[in-house]
Amino acid sequence: MISLGITVEDHDGVRHVTLDRPDKKNALTVAMYAALADAIASAERDDIGALLFQARGTAFTAGNDLHDFLEQPPHGDDAPAFRFLQGLVRTDVPLIAAVRGPAVGIGTTMLLHCDLVFAAPSALFKVPFIDLGLVPEAASSVLLPRRIGRARAGAALFLGEPIDAQQAYADGLVTKLVADAELDETARAAARAVAAKPRQAVRETKRLMNHDREALIDAMARETKAFRERLVSDEARAAMSAFFDRARA
Ligand code: COA
């Protein structure tokens, strides 16, 4: 199954979801979010044992497409971006990611919902929401300080400091650092291994680990309200336009 910018293929009980818009550093459009949301939502029904996020090109993802944010900011709760975020929290299918290059915004916050994260030395995690006049999403206002501590989350969020691969591993954001040439096969092998394990035990384990799922949904609802307000603010529109002005300069 192929849709613009996202490729979805099932093999050996593993759903391989590839961010496939390398010329734009895999920046996520509304159509890509819709494909991602569908890929997660249907995984349990399709008896998928593990879902692997991977990316083509030199970046994992540059985060939300900033043109889309300017021109068609997400509205209703059923907006594809929000459906994707809900899917990340609600699925009982283990989520695995292979990351090389920049993982910006949702590119980092989606990983907080992954069960295994493999990263190449080039991986660089950034959450520049404030610099864009925005607020954190994907429950990262709760999960990031919980995972890496309030002080380090402060550097990432308030100072916009990137977290490199080594630091991300030390911080517990990454399961394992892998040489670039081995990244894809390492992540695929892990996904196949998880998919081959007793399916119901895997899903029950994930449910137990996600016992605070409703609290995360509540956090996302708070964030979504603030995020929508921020998206149409003068601060955000100026910051996002500046990204494209810089590119043209
Ligand atoms: N939305 C839309 N287009 C984007 C984009 C985004 N988030 N990120 C990159 N692109 C586009 C660029 O405009 C450029 O397009 P062009 O070739 O038509 O000029 C192309 O992708 C390549 O980007 P470029 O910035 O030249 O690549 P780079 O390797 O120098 O830097 C990044 C890669 C990811 C570090 C940088 O593109 C970046 O910071 N992007 C914005 C990230 C962001 O703020 N995301 C929102 C988070 S909420």
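Let's start at Lys24: one of its polar side-chain atoms sits 2.4 Å from an oxygen atom of the ligand. I call that a polar contact, meaning a pair of N or O atoms within 3.5 Å. Keep in mind that this is a predicted model, where local features need pLDDT of at least 70, side-chain atom pairs count only at pLDDT 80 or more, and totals for chains, interfaces and linings use all residues. Residues are numbered from 1 along each chain as its sequence is written, and side-chain values use heavy atoms, leaving out hydrogens and water.

Two backbones join in as well. Asn64 places a backbone N or O atom 3.0 Å from a nitrogen atom of the ligand, and for Leu66 the distance from such a backbone atom to a ligand nitrogen is 2.8 Å. Taken alone, the ligand exposes 880 Å², and the protein buries 68% of that; these accessible areas come from the Shrake-Rupley method with a 1.4 Å probe.

So who else is around? By class, the shell has eight nonpolar, one polar and five charged residues. Here Ala, Val, Leu, Ile, Met, Phe, Trp, Tyr, Cys and Pro count as nonpolar, Asp, Glu, Lys and Arg as charged, and the others, Gly among them, as polar.

Finally, the rings. Rings of Phe, Tyr and Trp (its six-membered ring) pair if their centres lie within 6.5 Å; planes under 30 degrees apart count as stacked, over 60 as edge-to-face and the rest as tilted. That gives four aromatic pairs. In one of them, Tyr33 and Phe84 have ring centres 6.0 Å apart and planes at 45 degrees, so the pair is tilted.

Conventions. Polar contact = N/O pair within 3.5 Å; in protein donor to acceptor, adjacent residues only side chain to side chain.
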